[in-house]
Amino acid sequence: MKKFFAAAIAGLGLAVTASAASAQAPSTLAQVKQRNILNCGSNTGLAGFGVPDAQGNWQGLDVEYCRAIAAAIFNDPNKVKFIPLSAKDRFTALQSGEVDVLVRNSTWTMTRDASLGIVFTGVNYYDGQGFMVRKKLGVTSAKQLSGASVCTQQGTTTELNLADYFRANNLKYEVVAFASSDETIKAYDAGRCDAFTTDASGLYAERLKLTAPDDHIVLPEIISKEPLGPSVRNNDSGWFNLVKWVHYAMINAEELGVTKANVDEMLKSPNPEIKRLLGTEGKFGETIGLTPDWVVRIVKHVGNYGESFEKNVGQGSLLKIARGQNGLWTKGGLQYAPPVR
Amino acid sequence: MTDATIENAPYAFVRKETLPQESPPLSVAGPLAWIRANLFSGPVNSLMTLVCVYIVVTSVPDLVRFYLIDAVWSGANRDACLADKVGRPVGACWAYIADRFQYFIYGSYPIPQRWRVNIVFAMFALGIVWLLWDRMPLKKVGFFFFFVLLPISAYLLLLGGPAAEGFLRTLLILTFALMAIYLVLSFVPGLARFWIGPAFLAVEEALPPWKRFYRVKRLILLSLVVLGVIAILADSAGLPRVDTGLWGGMVVTFLISAVGIVFSLPLGVMLALGRRSRLPIIQFLSVVFIEFVRGVPLITVLFMANTMLPLFVPQEYSPDRLLRPLVGVALFAAAYMAEVIRGGLQAIPKGQYEGAMSLGLGYWSMMRLIILPQALRIVIPGIVNTFIGLFKDSTLVTIVGIFDFLRTIEATLVDPTWATPTTRATGYAFAAVFYFLCCWGMSRYSIAVEQRLAAGQRR
């Protein structure tokens, strides 16, 4: 009788483990490989981060992040299906598995990280609220804006940040708020206010819509933290690592001077750090489910972080955003990647 | 006493020829009179005329200057539309529309595959002309072309891929099989006795073989031609799958509207009949559907389809992201259509129903031959109203991340390549012209149809 129970319990245990194993869905990487295309949740249109060009191909910093992941997995940056998501349905699309990774200029906040079932993998763009003023005002710092009228959009965190900053610095100011971003920039252009404020990346894009963009400057102060980064579901740490390390690989490549143009020569480099990064020494790529030469593929197809930045939002683009906070840590910025070893 | 004649009274004046006609006085005819009668017939009208003149005089010259005289018509990037780069005041930046025109039509549809979209557009235009233009022959064949062959071809060509090619193969085999059957029937019509009955058989047998069953045969022949051409194209150029995520622009706007219009009318008729049905379950279900759909905003339906649905349905069974709003829009329009048509049904006098029944017609024959033709004619304005509303509502799909025509314009507005102070005004003006032309075309056509169908009531 005892034996029978033991057998029954063992059988039950087996059944439970078996069902648990079958309930375990295949890893995201396996799904992506099997589907032979990466589903990337992208923006419906944001200058420098994700915009369709005249041929309808998506271009931008966030878009290139997805292309880099595809290059690392498939050696083909075009094996990406971009699924444009609105601000409202972006996290649901990620939770439900409609997209494998969400690279859609989403701000990394504690609530989102902790309660949505998603996890941010890093920061591919440090954004924050900035100010734009006319050059002829002779203002070089936001601290000199005392008594200024500031154009901003109604009911956004922008408006609250503005109040916080001016109060903290004991500056007088007057808010001129508008319902849409379009009205706001029009009012600023018409001279209704001295300064215009929104997220810094947006300031550069809005500046181009002014009648004389060159008469305006963006002040160096950033008064809020808006770390933008990709996110993945929090139930697959392997995939989380892969997405995270694609970004680190691009930063390490920039730090070590590996570019799109010289990556083939760099393969012969005696520098051990470059050797580890490019997979000529060690098999670090295999730890995240890829082949050892995964970084070579990323850099060859997309470039390092600096190249991607300059091409999409920096000096190579019309936005001409300075590296600033997004510079390498060695150059006073915040972009820092753990070593490959 | 003599008669008072000319001869007898030589000095009397009698006109011998008629005078030439005088033009009417200026106060009752001519432009001045027209102005007085139509624009200044009273104090209120005079005031309104003056206000309108003021509005026109203050706005139109500026609009013309902005959109035509100062406009920039050609250029490669934003420099062409910047006032300090060209050295003159700059109005609308039409160069931007020209540069992005392809994108507004096709969205991100891959350039080497765009010929497929063009074929579907051409078929759509042919189908529209065939059905809507009064003088086109073979209306029934056109009906079959538009409602059966066009959707199939659009699916095969626009989407493509192995599944579509397999479907095409099946359809071709089916068509060939039907052709073989009807070829046999042409020579041995007796085989068809069981489903067409002896009376029709006698009619067919009286005809020479090639004319027997010609109604069915010409449909098969047309299907064979259309499917054959697609098969040849698929064979020579290939039809790789183009994911619906890449579709955009006018293609998507027309697709959503066409699907909505094509499905909402028959569905609406069924729902309207269901709501007036005497069968309690059918009536109840129709009422529940109509009232439920009319009670929710379209935005909610779209959110449900694209944001909530993926959470309940496993990813591998989840329908396509474009298909979901298509179904949503079609069902939504159907509920409104049902109420419009029900209005028409209620306007038909009871005598029409009784007359039809006294002729021995069954329910469906009565509806098809007597009631619906009259009811639908009455509600043409309402039907077209729903169509126009549906066409404009198709822009709502942008909130679930689908790139319809308006969304493609908005997406290019953020592009720094064309960021200028006037780009936005130009983009939205272009959208306004597009939507106005489409909606106005629909309403003009409906007026023409109304007049044609009302010929019997004209006195």
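This is a friendly dialogue about reading chain B and a few local features of chain A in a predicted model.

Reader: Let's start with the fold. How many helices and strands does chain B have?

Author: Chain B holds 18 helices and 0 strands.

Reader: How do I read its radius of gyration, and what does the globule rule say for chain B?

Author: The idea is to set the radius over C-alpha atoms beside the value from the globule rule. For the 459 residues of chain B the rule gives 23 Å, while the radius of gyration is 31 Å, so the chain is more spread out than a compact globule. The C-alpha trace spans about 105 × 80 × 50 Å along its principal axes.

Reader: Which domains does the assignment give for chain B?

Author: There is domain 1 (31–95), domain 2 (101–109 + 248–414) and domain 3 (111–241). Notice that domain 2 is written as two segments. The centres of domain 1 and domain 3 of chain B, taken over C-alpha atoms, are 51 Å apart.

Reader: What about burial and surface: what share of chain B counts as buried?

Author: Buried means under 20% relative accessible area. By that cut-off, 39% of the 459 residues of chain B are buried. Chain B exposes about 26,100 Å², and 70% of that comes from carbon and sulfur atoms.

Reader: And the charges: how far apart are the mean positions of the positive and negative ones in chain B?

Author: Chain B has 38 positive and 25 negative charges, and their mean positions lie 8 Å apart.

Reader: Now chain A. Is helix α8(A) mostly covered or mostly open?

Author: Mostly covered: α8 of chain A runs over residues 200–207, and 7 of its 8 residues are buried. Among them are Leu203(A), Tyr204(A), Glu206(A) and Arg207(A). The cover over these buried residues includes strands β7 (125–127), β8 (129–134), β11 (195–199) and β12 (216–218), along with helix α7 (181–189), of chain A.

Reader: I also like to check backbone angles. What is phi at Asn105(A), and where does this residue sit?

Author: Phi of Asn105(A) is positive, about 30°, although the residue is not a glycine. Asn105(A) belongs to strand β5 (residues 101–107) of chain A, and it is buried, with a relative accessible area of 17%.

Reader: What is phi at Lys320(A), and is that residue buried or partly exposed?

Author: Lys320(A), also not a glycine, has a positive phi near 55°. Lys320(A) lies in the segment after α13 (305–312) of chain A. With a relative accessible area of 40%, Lys320(A) is partly exposed.

Notes: Residues numbered from 1 in each chain as written. Chains lettered and ligands numbered in written order. Predicted model: local features only at pLDDT ≥ 70, side-chain atom pairs only at ≥ 80, totals over all residues. Heavy atoms only, no water. Helix = DSSP H or I, 4+ residues; strand = E, 2+ residues; numbered from the N terminus. Rg over C-alpha atoms; globule rule 2.2 N^0.38 Å. Buried < 20%, exposed > 50% of the residue type's maximum accessible area, 1.4 Å probe, protein only. Areas by Shrake-Rupley, 256 points an atom, 1.4 Å probe, with all protein chains shown as cover. Lys, Arg positive; Asp, Glu negative; His and termini not counted. Charge placed at Lys NZ, Arg CZ, Asp CG, Glu CD. Domains from an automatic or database assignment. Contact = heavy atoms within 4.5 Å.
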